[in-house]
Amino acid sequence: MKALCWTGVNETSVESVPDPEILNAHDVIVRVRLSTTCGSDLHLLGGYIPAMRAGDVLGHEFLGDVVEVGSAVRKHRVGDRVVVSSFIACGRCAYCRRELYSLCDNGNPNPAITETLWGFAPGGCYGYSHAMGGFAGSHAEYIRVPYADVGAFAVPDGINDTTALFASDAAPTGWTGADLVGIEPGDVVAVWGAGAVGQMAALAARTRGAERVIVIDRLPERLAQAERYVGAETLDYSAENVPQALRELTGGRGPDVCLEAVGMEAHSAGLQHVYDQVKQQLRIQTDRGAAVREAIHSCRKGGRVFVLGVYVGVLDTFPLGAVMNKGLTVRGAQMHGQRYIPEILARMERGEVPSAHLATHVMPLDDGPKGYQMFKAKEDGCVRAVFRP
């Protein structure tokens, strides 16, 4: 079959790879209908996340049709249209029983690398390096889905493919942050990043009762989407002093909740970005932390900060003093898709989760390398490049 593979730093190509096979009785094989790029893929492309090998199939956010079913699968049949959680979880371990699915003890069959990096291994993820299990990704004609009764969800007939696609990762990532940070009715919420995850986090904050949601980015087309589809207020960090603007918008108090949806390749205005980029290139730090620093500084005293953006290692000049002295609560997590996808699909069916607009560039899988180039360079207003195998 055809698949879009990582072939080296900032290099991809469409290759011929072996078809996936049922390896476990709980597996299904899915014929991919749509698969989308994600901002966290850029960390893989750029070589910032270790354990990529030439020929690895990229992609972790997808939906498709079940074409083969393992003997122990009970919820799915051949022909089901399903959306699949990007994180792989067994559904039975102590973490899964607490609905912390991305922390599954059994989802990552190759835990040694992340145990060395972080002390313990999280669950596995499709197309996300051998550190996260070495699973083949979804930018392919077919994909093997382990623990299918836990991670695959039938898509109701009333939801079109392009909308349902984002129930795989972007929307549940937003829901994870908004839910676990404990947004309460009346809260003022600031969101760093107006990409797909940032927009979904802002929308999730609305569903949890946030009174005002303020989205921060520098790209006008993304800020326009946040205003139109989420009803958010917006700030352009390239034109405004964000901490000062947030104070003015909140009567000098600061946001109650700050959601960081940018990650380890954050851009910022001025010399700070140059400083972070040089230290990252020299391997003095692995992550650029402009957005998370600003979120911590901007948050009100006693407020809450949630880190949704992907970070892999160490960060220089992390404002620990602000965290301690302002009494902040700081949390982070990869997304617990199995916990939130049923709610998101129900809301999508009622028209409450607009997401199809995120797929700004839909193209054949053969154009995958071009799609990643557009996505990385944000050419032509690209929010997400979506591949149709």
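Helices here are DSSP runs of H or I at least four residues long, numbered from the N terminus. Keep that in mind for the labels on this tour, and remember that you are looking at a predicted model.

**Stop 1: the whole chain**

Start with everything selected and shown as a cartoon. You will find 14 helices and 18 strands. The radius of gyration is 20 Å, close to the 21 Å that the globule rule gives for 389 residues, so the chain is as compact as a globular protein of that length. Turn the view along the principal axes, and the C-alpha trace spans about 60 × 45 × 45 Å.

Now switch on contacts. Among those with a separation of 6 or more, 71% join residues that are 24 or more positions apart.

**Stop 2: the surface**

Next, display the accessible surface, which comes to about 15,400 Å². Carbon and sulfur atoms account for 50% of that area. Beneath it, 58% of the 389 residues are buried.

Colour the charged side chains too: there are 37 positive and 44 negative ones. The centres of these two sets lie 5 Å apart.

**Stop 3: helix α6**

Select residues 170–180, which make up helix α6. How many of the 11 residues of this helix are buried? The count is 10, so α6 is largely enclosed by the rest of the structure. Including Ala-170, Pro-172, Trp-175 and Leu-180, the buried set also takes in Gly-174 and Gly-177.

What do the buried residues of α6 pack against? Add these elements to your selection one by one:

- the strands β5 (61–69), β14 (257–260), β15 (304–307) and β16 (329–332)
- the helices α7 (196–207) and α13 (337–349)

Then step just past the end of α6 to Gly-182, where phi is positive, at about 75°.

**Stop 4: an aromatic cluster**

Strand β5, one of the partners of α6, leads to the last stop. The structure holds 3 aromatic pairs. To see one of them, select Phe-62 and Tyr-126, whose ring centres are 5.4 Å apart. With 90° between the planes, this pair is edge-to-face. Phe-62 belongs to strand β5, while Tyr-126 sits in the loop between β8 (124–125) and β9 (142–145). The two residues are 64 residues apart, and their pair links distant parts of the chain.

Are these two residues buried or exposed? Both Phe-62 and Tyr-126 are buried. Finally, add Phe-135 to the selection: together with Phe-62 and Tyr-126, Phe-135 forms one aromatic cluster.

Technical notes
Residues numbered from 1 in each chain as written. Predicted model: local features only at pLDDT ≥ 70, side-chain atom pairs only at ≥ 80, totals over all residues. Heavy atoms only, no water. Rg over C-alpha atoms; globule rule 2.2 N^0.38 Å. Buried < 20%, exposed > 50% of the residue type's maximum accessible area, 1.4 Å probe, protein only. Contact = heavy atoms within 4.5 Å. Areas by Shrake-Rupley, 256 points an atom, 1.4 Å probe, with all protein chains shown as cover. Lys, Arg positive; Asp, Glu negative; His and termini not counted. Charge placed at Lys NZ, Arg CZ, Asp CG, Glu CD. Phe/Tyr/Trp six-rings, centres within 6.5 Å; stacked < 30°, edge-to-face > 60°.
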